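Subject: Structure for your files

Hello,

Here is the structure we discussed. Please look through it before reading my notes below.

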Amino acid sequence: TIQRLEPRFSKDYPRTLTAHDIGLKDMIDAMYLMGNPPRIILFAVTIPELNEVGLELSPEIESTIPEIASMVLKEIDSILS
């Protein structure tokens, strides 16, 4: 499942974040506290429970890339239009 989200607070982010997301929520919360929050659009992909961590994409995630790319390009186009 692919979801388009506009999270406003750290509680609005998907529950499962990977190690490369550490610190992002804290940084965004700090921007809100400082009164200068950015507009964030997040495309989240639902994944099965992780059993292994690796560098390769799973076939399921790899198959969603064209759809996600299309969604991102449409989003960019709508912002620039």
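The notes below go from the chain as a whole to one helix and then to a single pair of side chains.

Please keep in mind that this is a predicted model. The chain has two helices and two strands, and along the sequence they follow the pattern β-α-β-α. Of its 81 residues, 12% are buried. Taking contacts between residues at least 6 apart in sequence, 68% join residues at least 24 apart. The exposed area of the chain is about 6,700 Å², with 58% of it supplied by carbon and sulfur atoms.

Most of my notes concern helix H2. Helix H2 covers residues 59-80, which is 22 residues. From first C-alpha to last it reaches 33 Å, close to the 32 Å expected at 1.5 Å a residue. The helix nevertheless bends by about 35° at Ile65, and a proline, Pro66, follows within four residues.

What does H2 pack against? Its buried residues pack against strand E1 (2-5) and strand E2 (42-45). Thr64, Ile68 and Glu75 are the buried residues in H2.

Glu75 deserves a separate paragraph. With a relative accessible area of 13%, Glu75 falls under the 20% cut-off and therefore counts as buried. Apart from neighbours within four places in sequence, Glu75 is in contact with Arg4, Arg39, Ile41 and Phe43.

One of these contacts is also a salt bridge: Arg4 pairs with Glu75, and the closest N and O atoms are 2.7 Å apart. Arg4 lies in strand E1 and Glu75 in helix H2, so the pair ties together parts that are 71 residues apart in sequence. A search of the whole structure finds one salt bridge. As for the general background, side chains of opposite charge can pair when their charged atoms come close. The two partners differ in cover: Arg4 is partly exposed, at 37% relative accessibility, whereas Glu75 is buried at 13%.

The last item is a nonpolar surface patch. Leu73, Ile76, Ile79 and Leu80 make up this patch, which comes to about 440 Å². One of its members, Ile76, is found in helix H2 and is partly exposed, with a relative accessible area of 42%. In general, residues three or four places apart on an α-helix point the same way, because the helix has 3.6 residues a turn.

Regards

Definitions and conventions: Residues numbered from 1 in each chain as written. Predicted model: local features only at pLDDT ≥ 70, side-chain atom pairs only at ≥ 80, totals over all residues. Heavy atoms only, no water. Expected span 1.5 Å × (residues − 1). Bend = angle between axes of the 7 residues up to and from the residue. Buried < 20%, exposed > 50% of the residue type's maximum accessible area, 1.4 Å probe, protein only. Contact = heavy atoms within 4.5 Å. Salt bridge = Lys/Arg side-chain N within 4 Å of Asp/Glu carboxyl O. Patch = residues over 30% accessible without salt bridge, like charges linked within 9 Å, V, L, I, M, F, W, Y side chains within 5 Å. Areas by Shrake-Rupley, 256 points an atom, 1.4 Å probe, with all protein chains shown as cover.
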